[in-house]
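Student: I've got the model open and I'd like to go through the labels people attach to it. Can you take me through the reasoning behind them?

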Amino acid sequence: MKEFVELVGQWLTLPDVAEELEVDIRRVHRLLDERAIISVRIGERNIRSIPADFLQDGSVVESLKGTLSVLMDAGYSDEESISWLFTEDESLPGTPMNALRSGRKTEIRRRAQALAW
């Protein structure tokens, strides 16, 4: 689990996410329910957290929800989805999450769809 936590780097707790987005914590729970973001439990206290890179300029990365949906359809768990998004890919270059943050959602979703085959 330590490697997984380090792969992502910076994590935010749900209250931190609410503060970043300037919304009520209930809105963060709705985002989780809608799968616009996903969380995993990390740390000694097993606290639900999301990767900080899921947020950009005070909102959730726009193309994240659809990409998470494609990964879920491919059979990926939340932890596996986060690992895939944050694993370096020389052919990009960088990580799929970096590509999403820079607006390259079509390429990333195509790659995610290929995982199901």
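**Reasons behind the labels**

Tutor: Let's start with Asp57, which counts as exposed at 78% relative accessibility. Keep in mind that this is a predicted model.

Student: What makes Asp57 count as exposed?

Tutor: The cut-off for exposed is over 50%. Asp57 has 78% relative accessibility, so it counts as exposed. Asp57 is found in the loop between E4 and strand E5 (59-60), and its phi is positive, about 50°, although it is not a glycine.

Student: Arg35 also caught my eye. Why is Arg35 called partly exposed?

Tutor: Partly exposed covers what falls between under 20% and over 50%. Arg35 comes out at 23% relative accessibility, so partly exposed is the label. Arg35 has a positive phi too, about 60°, and is not a glycine. Look for Arg35 in the loop between H3 and strand E2 (40-42).

Student: How do you know that Leu55 is buried?

Tutor: Buried means under 20% relative accessible area. Leu55 has 8%, so it is buried. You'll find Leu55 in strand E4 (residues 55-56).

Student: Which residues is Leu55 in contact with, leaving aside its neighbours within four places in sequence?

Tutor: Leu12, Val17, Glu20, Leu21, Ile50, Val60, Val61 and Arg101. Take Leu12: it sits 43 residues from Leu55 along the chain, with 9.8 Å between their C-alpha atoms.

Student: What does the UniProt record place at residues 10-55?

Tutor: The unreviewed UniProt entry puts the feature "domain: DNA-binding protein Rv2175c wHTH" there. In the model, residues 10-55 are 37% helix and 26% strand, and the end C-alpha atoms of the stretch are 11 Å apart.

Student: On to helix pairs. Why are H2 and H3 called roughly perpendicular to each other?

Tutor: Helix H2 (residues 14-21) and helix H3 (residues 25-33) pack at about 105°, with their axes 8 Å apart. Angles of 65 to 115 degrees count as roughly perpendicular, and H2 and H3 therefore get that label.

Student: Which residues of H2 and H3 meet?

Tutor: From H2 there are Leu14, Pro15, Val17, Ala18 and Leu21, and they meet Ile25, Val28, His29, Leu31 and Leu32 of H3. Sorted by class, this contact has nine nonpolar residues, one polar and no charged.

Student: What makes H4 and H5 oblique to each other?

Tutor: The axes of helix H4 (residues 64-73) and helix H5 (residues 78-86) cross at roughly 120° and come within 10 Å. Roughly perpendicular stops at 115 degrees and roughly antiparallel needs over 145, so H4 and H5 are oblique. Their crossing is right-handed. On the H4 side the contact is made by Leu64, Thr67, Leu68 and Leu71, and on the H5 side by Ser81, Trp84 and Leu85. The split is five nonpolar, two polar and no charged residues.

Student: Thr67 is in helix H4. Is Thr67 buried or exposed?

Tutor: Buried: the limit is under 20%, and Thr67 has a relative accessible area of 0%, so the label follows. Beyond its neighbours within four places in sequence, Thr67 is in contact with Leu85, Leu100, Ile108 and Arg109.

Student: One last thing: which peptide bond is cis, with omega near -15°?

Tutor: That's the bond from Leu92 to Pro93. Pro93 is in the loop between H5 and helix H6 (96-101).

Technical notes:
Residues numbered from 1 in each chain as written. Predicted model: local features only at pLDDT ≥ 70, side-chain atom pairs only at ≥ 80, totals over all residues. Heavy atoms only, no water. Helix = DSSP H or I, 4+ residues; strand = E, 2+ residues; numbered from the N terminus. Buried < 20%, exposed > 50% of the residue type's maximum accessible area, 1.4 Å probe, protein only. Contact = heavy atoms within 4.5 Å. Axes fitted to C-alpha atoms, helices over the stretch in contact; angles between N-to-C directions. Parallel < 35°, antiparallel > 145°, perpendicular 65-115°, else oblique. Left-handed = near helix turned anticlockwise from the far one by under 90°. Nonpolar A, V, L, I, M, F, W, Y, C, P; charged D, E, K, R; others polar. UniProt positions renumbered as here; feature names shortened; annotations may be inferred.
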